[in-house]
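Let's take a walk through a protein model together, going from strand to strand and ending up at a ligand. Keep the picture open while you read.

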Amino acid sequence: MNRARSKGTTETHGATGTASPSPEPSAGSSSDEVLKARGLTRSFKTGTARLDILKGIDIDIRRGEIAAIHGASGAGKSTLLHILGTLDRPTSGQVFIGETNAFELPDDGLAEFRNRTVGFVFQAHHLLPEFTAIENVMMPLLVGRSPWDSARDRAEELLGEVGLESRLDHKPMELSGGEQQRVAVARALVGRPHIVLADEPSGNLDRENGKALLDLMWEMSHRYRQAFVVVTHDEEVGRRSDRIYRLEDGLLHAEAA
Ligand SMILES: Nc1ncnc2c1ncn2[C@@H]1O[C@H](COP(=O)(O)OP(=O)(O)O)[C@@H](O)[C@H]1O
Ligand SMILES: [Mg+2]
């Protein structure tokens, strides 16, 4: 899927970024910056060969912003998202979530920090099969030691927002693919994270359900000024995003939105 880029619409995204499209006066202040990565590289050793997948990536995401990342299969999009979400360490470079330099935290501190600050929506829902929808959504709060009752209230509120108030006690197997992904979105948002990272979230859904899921993510982003980074093959998603990037040859190129 190496779509040719027309001349003049791309640039290598540098450290400074571009002006935030948000009309709010506080936009651009450092407190509005929810995710910042600098100089990310990631290499994999396979036998005697070394694969350099990411070769120096910078990205800045502000509150309320939706960034889309396109790229061919194997370009390193999932690798990048895992590092931005602190699930994987880069070979070199830094990830700041809010003011925190994430990879300077010790491993157990990092796991707690990640649970509190990052939400994930994967292509497969990754819900826990033996737990109900509401229990799955409560899980990040319970892991973060929230009291049961407030976790339950908050999870119920979120499931209502994603249109699943009548499915609270269904297990994942008892939900459609689109509903499972809605639960995953509710779970990603429940802890009011700094950033939600979505890796081809509509990849396993049919067109209609895929569109509904993306509409829901946009609606949530606007309602809560929630920042999202969305990896997707869907060019339309890009057109609706505040920023579009293409990952190619290990570098992130900004495209005109
Ligand atoms: N743990 C790993 N060890 C070796 N190679 C890996 C590993 N993870 C990913 N890769 C390689 O890195 C490249 C990028 O993978 P990935 O980030 O999954 O791409 P994308 O999500 O853009 O399709 C692929 O060629 C893949 O085989
Ligand atoms: Mg991938």
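Start at T41, whose bridge partner in β5 is S92. Keep in mind that this is a predicted model. Another such pair is L35 with I97, the latter again in β5. Both pairs belong to a bigger pattern: β2 and β5 (residues 92-97) run antiparallel and are joined by 5 bridges.

Now look at what β2 does with β3. These two also pair in the antiparallel sense, this time over 11 bridges. One of the partnerships to find is T46 with A49 in β3. Between the two strands of this hairpin sit 2 residues, and G47 takes a positive phi near 65°.

Here are the bridge partners we have met so far, side by side:

| Residue | Bridge partner | Strand of the partner |
|---|---|---|
| L35 | I97 | β5 |
| T41 | S92 | β5 |
| T46 | A49 | β3 |

So how does the whole sheet line up, and in what order do the strands come? The order is β3-β2-β5-β6, an open sheet of 4 strands with antiparallel pairing. At the edges you'll find β3 and β6 (100-101), each of which pairs on one side only. Then there's a helix to add: α1 packs on the sheet and touches β2, β3 and β5, with its direction making about 125° with that of β2.

As a general point, side chains in a regular strand alternate between the two faces of the sheet.

Let's stay with the helix for a moment. Which residues of α1 are buried? They are K77, L80, L81, I83 and L84. These residues sit on the same side of α1 because they cover an arc of only 160° around the axis. Just after α1 comes T86, which takes a positive phi of about 65°.

Finally, on to the ligand. Ligand 1 has a shell of residues around it, among them F44, T46, L51, I53 and K77. You've already met two of those names: T46 as the partner of A49, and K77 as a buried residue of α1. The rest of the shell is G71, S73, G74, A75, G76, S78 and T79.

Which elements supply at least two residues each to this shell? They are β2 (33-46), β3 (49-62) and α1 (77-84). Of the elements, α1 gives the most, with 3 residues. As for chemical character, the shell divides into 4 nonpolar, 7 polar and 1 charged residue.

Technical notes: Residues numbered from 1 in each chain as written. Chains lettered and ligands numbered in written order. Predicted model: local features only at pLDDT ≥ 70, side-chain atom pairs only at ≥ 80, totals over all residues. Near = placed C-beta within 6 Å. Nonpolar A, V, L, I, M, F, W, Y, C, P; charged D, E, K, R; others polar. Pairing = 2+ DSSP bridges. Contact = placed C-beta atoms within 7 Å. Axes fitted to C-alpha atoms, helices over the stretch in contact; angles between N-to-C directions. Buried ≥ 20, exposed ≤ 12 C-beta atoms within 10 Å, placed from the backbone. Arc of directions from axis to C-beta.
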